[in-house]
Amino acid sequence: MGHGHHHHDHDHSHDAGGAADVPPALDLSVPDSELSPADVSRRGFLRSAGLLGAGAAASVLATPSAAAAAGLPHSHGPAGGGTAKGGFRWLAGDHHIHTQHSSDGQYRVIDQAGHGRAFGLDWVVITDHGSNAHAKIGVEKVNPDIRKTREELPDLLTFQGLEWNIPAAEHATVFVHPGRNEVGVLKQFEQTFDGSQLPATNTTEQNEAAAIAGIRFLGEQVRARKVEGALFLANHPSRRGIDSPHEIRNWRDADPTVAIGMEGAPGHQAAGIPAPNGRGGARGLYDNNPSAASYQGYPPETYRTWGGFDWMTATVGGLWDSLLAEGRAWWVTVNSDSHVNYLDQSDRGPDSDFEANGRYNDPVYTGKVNTTAGDFWPGFYGRTNVGSTSFSYRAVMDGLRAGRVWVDHGRLIKSLDARVRVAGDRRAATGTPLGGVLHVKRGTATELTLEIDLQDGPNWAQFVPVLSRVDVIVGSVTGPVAARDTFTAPDTRVVKSYEVTPGARTLSVTYRLGRLDKPFYLRLRGTDGKRTQPGLMGAEVDPAGPKLDVLGDADPWGDLWFYTNPIWVLPR
Amino acid sequence: MTDRTAAAATPAAAAPALADLPVRGVSLGHPDTVAAEHWLASLSPAPVLAFTHLVRSPRPHVALTLVFADTAPAGLDAALTSAGTAPASAGTAPASAGTAPASAGGAAGGGGALPAGLVASCPEAVAAYVARSSGRAVLYPGVELLVGTLSVADVLARSAIEQVEVLGGGAADPADLIDTGGFVRPQWQAGRLTLLTSPAAGGRLVPFETRHPTPCCAAH
């Protein structure tokens, strides 16, 4: 298809609720020379803001050429998937942290940020709950504390965000790039789109539409240059079964530069530590059951964690894979969801009036050890590792948006470098990283190169974790689904497992992906091998997947996993 | 009281008789099962079979199906049949009959009126009950005997529950022990009344549904 033809005839039925027609500045099939001067300027801004290119499209099939080459119908969106190459600086972070500005929290911003930095994080997002008190007061009051923290902890990137009550669905992290409008944008967003601020008489359809409008609003604030970036991540998506598959697809399509993914594992990872030394509850606090608001197609397995991870991510051939198999770029993260931390010795400030002040008084030391709290401090257990081009707010947001992300629990591994390459190419500056798309001619041989530095230092439970096995998971890319509530990917499976040699310092492997005949993606997973069971789609799909966590007896340190985001290989 | 042998015979014997009794579908707009069970507990006489059903539209709510051994509480049927459009009276009818549920309308819609679009009678729930396609049992033969820690075999013998499964693991071993917590809510699954359980501390099983799941945000 010739350039400049950004309107084209095809079946739009898969695009219900999706993006509108692509403006010329965003359509990379239109060259700069054919744009008006204003659009050239606009494109320059968007490119510098990371809103063009890697990860900025709902689907890796978003350009007509990519889809046509794959023999699949294309999705709407501004551009194809990731194009960045080579290595990156990996910055560890946590996008889900509460403070005294949440009605169920208690800590100061500096308490959370200081611990996060001490426990090895490079970036954090402060995400207090959307609520009446927060929308009116807390969203403003927290900002000076955040700005002060940025000054006091220059080695830590501290974002301001909030935890959105998504209308008709679960919670989500929403955060913006720092700047003079960070509070204004968040406040307007919360007051307009938070579930707590919408009429209780709304129908499900009205609420689902409000969620889409909210995501689009955030993208518009970026395009209007009020903030330099805004991101959305669905939190604890399976906890109550109320994030339906079609809602997740709608969020991504609403604005793929904003809605980028979901928690692969929930926080609250200490909640399953056995009583009396622990809470004795459900890992991740995943102990719910279907309600009338739940998507009724979800099986009971949805509502529990598997090796600490959310069912959508933990199930090979499950919901996450169904999105990836569409070519739909959607990333996973981990986080602490820290509200009140396990074994901490402080309590909410006395004589607080949260509703009036938008915050609790500062916490006080009690001398009593809290064994019933279910959370870890940020950085203590889970890490979201983002491949960044520099140490900056922009670079972290760009890396997240591009899907250059791997996650682990308990510092299972030290570092990871996974790239898909044209077979034989070993140049340091080449190779398609996590989140990226490698376009090659049909028949070209490709291979995965994987370098893992095995852990050689203790984690925060004072032991050196030992990686036992790494799995390569591969699925065909089959294009947009006909039914937007699809949550299985029948062609995705574990194709190769590598046992790690005891005592080894690194794991260095090459996995040959063959000569390309049809589009596919791959992702990686690793484990300490302590708790496994055949996957929910069968042993032939996943012979040794994560095991169902035991209620009241889930030692988080005795069951460690890492997951990477996917890399696609498409014919060009 | 029945002994174990007699109890074991109860469900099988009771089932055909219960199946012949009329089923009432009730939709009062309860937002969740806790509210629906609260209303259920107010009925006198209590039904011998009571199921909750999750209904999505016009907005998510919980309906019930009820089977009474003899007569239904006075006023209930009038409320169901008069429903249709303006069921302000439907939710409160049992209360006006003096049978306790003063909170019936209030628990349902707040202020006594049902939310728009909801009707007190719920053919959808009745259809699910008749087909045994979905539904969660609150009152059923033997439920009062399911307290404390019981073996899977005991649960099957004492109650109308027909099978016990373990999440992610298939059928439970008859010798496995279940900490019932006095809260056992089996569901129709492929036509059989099935109790789904989860592995818990101490090698025990617990019902999949807990009485007090973690609320969405504890302090809200």
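Let me start with helix α11 of chain A, residues 393-402, where eight of the ten residues are buried, so the helix is largely enclosed by the rest of the structure. The buried positions run through Ala395(A), Val396(A), Met397(A), Asp398(A), Gly399(A), Leu400(A), Arg401(A) and Ala402(A), and you will notice that Asp398(A) and Arg401(A) are on that list along with Leu400(A). Directly after α11(A) comes Gly403(A), which takes a positive phi, near 75 degrees.

I should say at this point that what we are looking at is a predicted model, with an ipTM of 0.84 and a pTM of 0.87.

Stepping back to chain A as a whole, we have 572 residues, of which 60% are buried, and the secondary structure comprises eleven helices and 22 strands. If we take the contacts in chain A with a separation of 6 or more, 77% of them are between residues 24 or more positions apart.

One sheet in chain A deserves a slower look, namely an open sheet of three strands in the order β12-β14-β17, paired antiparallel. Its edge strands are β12, covering 413-422, and β17, covering 506-515, each of which pairs on one side only, and from one strand to the next the twist averages 10 degrees. Within this sheet, β14(A), residues 445-454, is joined to β17(A) by nine bridges in the antiparallel sense, and as one example to find on the screen, Thr446(A) has Gly514(A) of β17(A) as its bridge partner. As a reminder for anyone following the side chains, in a regular strand they alternate between the two faces of the sheet.

Now to chain B, which has 220 residues, 42% of them counted as buried, and which contains seven helices and eleven strands. For chain B, residues 24 or more positions apart supply 64% of the contacts with a separation of 6 or more.

Here some care is needed over confidence, since the mean pLDDT of chain B is 77, with 72% of its residues reaching 70 or more. Residues 1-14 of chain B have a pLDDT below 50, and in the model this stretch makes 15 contacts beyond near neighbours in sequence. A second stretch, residues 83-115 of chain B, also stays under 50, and for those residues the model has 79 contacts beyond four places in sequence.

Which strands of chain B does β6(B) join through bridges? Strand β6(B), residues 163-166, runs parallel to β10(B), residues 192-199, with four bridges between them, while two bridges join β6(B) to β7(B), residues 170-171, in an antiparallel arrangement. Glu165(B) takes part in both pairings, since its bridge partner in β10(B) is Leu196(B) and its bridge partner in β7(B) is Ala171(B). The hairpin of β6(B) and β7(B) has three residues between the strands, and in this hairpin Gly168(B) adopts a positive phi near 70 degrees.

Let me finish where the two chains meet. How many residues does each chain bring to the contact? Chain A contributes 26 residues and chain B contributes 27 residues, and on the side of chain A that touches chain B, the residues divide into ten nonpolar, ten polar and six charged.

How values were computed
Residues are numbered from 1 along each chain as its sequence is written. Chains are lettered from A and ligands numbered from 1 in the order in which they are written. This is a predicted model: local features need pLDDT of at least 70, side-chain atom pairs count only at pLDDT 80 or more; totals for chains, interfaces and linings use all residues. A residue is buried if 20 or more other C-beta atoms lie within 10 Å of its own, exposed if 12 or fewer, and partly exposed in between; C-beta atoms are placed from the backbone. Two residues are in contact if their C-beta atoms, placed from the backbone, lie within 7 Å. pLDDT is the predictor's confidence in each residue, from 0 to 100. Two strands pair if DSSP finds at least two bridges between them. Ala, Val, Leu, Ile, Met, Phe, Trp, Tyr, Cys and Pro count as nonpolar, Asp, Glu, Lys and Arg as charged, and the others, Gly among them, as polar. Axes are lines fitted to C-alpha atoms, for helices over the stretch in contact, and angles run from 0 to 180 degrees between N-to-C directions.
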